[in-house]
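Let's take a tour of a protein model and see what sits inside and what links its parts. Have the structure open as you read.

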Amino acid sequence: MEPANSMPATVESTQTELLPPLLAALPDPPGVSVCPRRARWQLDLLLLALESLDLNASELMLQVVRELQLQVMIPNRVIFWQIRCTNPFRQVTQRTPLPLPETKALTAVVVQVARRQTATLRHLLLVLDQLQAQHLPPETYAPLAEYLDRFRRHFRKRMNLQRSGLFLYKETTALNELGLQLLVQLLFCAGTKGLERLWFSLFDGEVH
């Protein structure tokens, strides 16, 4: 998924009239013309969690792009990577803004891939509740331990831990907590009206 030694180019905006109906139905938040910084971080984190959950998630994301006919915004894996690199906390990042149509496409990919992981997400969170009730660490259950291990490795490889906002995640415990919170958010996305719920949540506090 991550082309090495390749710097991202500017992410070009897609005209609204070219959006698939699924995305055209998502309203543009009033007073917001591009994807806010926090939303770019959040979307990339959710995709990172999905990649940690399923070893084939990267290919599945591209398959979803084709199924939802999002190629006008994400024509290939390089562009997909460039869009993800608008996350300001990545090791390799770009400062150009992420247009709202591309933000909608990324949101749809998160939701569709999360839906295919619904059974796994429910199971892991059920086990997590049981472990917490017994005051046992999540690593007690092998699938949760494997997920957290992959999440930590992906995060430390891709994110810039020298950024002050990420100092906290140098600690394994904090990074594990973040990984578990993302499982809850993914299940939230996978449910009824998940696309709309995730879309509006991205702009909490951003609408003027």
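Which residue does Arg158 meet in a salt bridge? The partner is Glu51, and the N-to-O distance is 2.6 Å. Keep in mind as you go that this is a predicted model.

## Salt bridges across the chain

Let's stay with that pair. Arg158 sits in helix α7 and Glu51 in helix α2, so the bridge ties together parts that are 107 residues apart in sequence. Both Arg158 and Glu51 are buried. Another bridge brings together the side chains of Asp44 and Arg84, at 2.7 Å from N to O. Here α2 holds Asp44 and α4 holds Arg84, so parts 40 residues apart in sequence get tied together. Asp44 and Arg84 are buried too.

Now look at Glu67 and Arg116, whose closest N and O atoms are 2.4 Å apart in a salt bridge. Glu67 is in helix α3, while Arg116 is in the loop between α5 and α6, 49 residues away. Glu67 is partly exposed, with a relative accessible area of 42%, and Arg116 is partly exposed at 40%. Some bridges share partners: Asp44, Glu51, Arg84, Arg90 and Arg158 are joined that way into one network. The full count is nine salt bridges.

## The nonpolar core

Time to head inside. The largest nonpolar core has 66 residues, and Val109, Phe155, Tyr169 and Leu183 have the most contacts within it. Plenty of helices chip in at least two residues each, including α3, α5, α7 and α8. The biggest giver is α2, with ten residues.

Click on Tyr169 and check who it touches: Trp41, Phe155, Leu161, Ala174, Leu175 and Leu178, leaving out residues up to four places away in sequence.

## Helix α5, wrapped up

How many of the 16 residues of α5 are buried? It's 15, so this helix is largely enclosed by the rest of the structure. Its length checks out as well: at 1.5 Å a residue, α5 should span 22 Å, and its end C-alpha atoms are indeed 22 Å apart.

## Two loop residues and two cysteines

Gln69 isn't a glycine, yet its phi is positive, near 60°. You'll find Gln69 in the loop between α3 and α4, and at 59% relative accessibility it counts as exposed. Lys193 also has a positive phi near 60°. Lys193 lies in the loop between α8 and α9 and is exposed, at 54% relative accessibility.

What about cysteines? Cys35 is buried at 2% relative accessibility, and Cys85 is buried at 0%. The structure holds zero disulfides.

How values were computed: Residues are numbered from 1 along each chain as its sequence is written. This is a predicted model: local features need pLDDT of at least 70, side-chain atom pairs count only at pLDDT 80 or more; totals for chains, interfaces and linings use all residues. Side-chain values use heavy atoms; hydrogens and water are left out. A disulfide is a pair of cysteine sulfur atoms within 2.5 Å. Buried means under 20% relative accessible area, exposed over 50%, partly exposed in between (1.4 Å probe, protein chains only). A nonpolar core is a set of buried Ala, Val, Leu, Ile, Met, Phe, Trp, Tyr and Cys residues joined through side-chain atoms within 4.5 Å. Helices (H or I, at least four residues) and strands (E, at least two) are DSSP runs, numbered from the N terminus. Contact means heavy atoms within 4.5 Å. The expected span of a helix is 1.5 Å times one less than its number of residues. A salt bridge is a side-chain nitrogen of Lys or Arg within 4 Å of a carboxyl oxygen of Asp or Glu.
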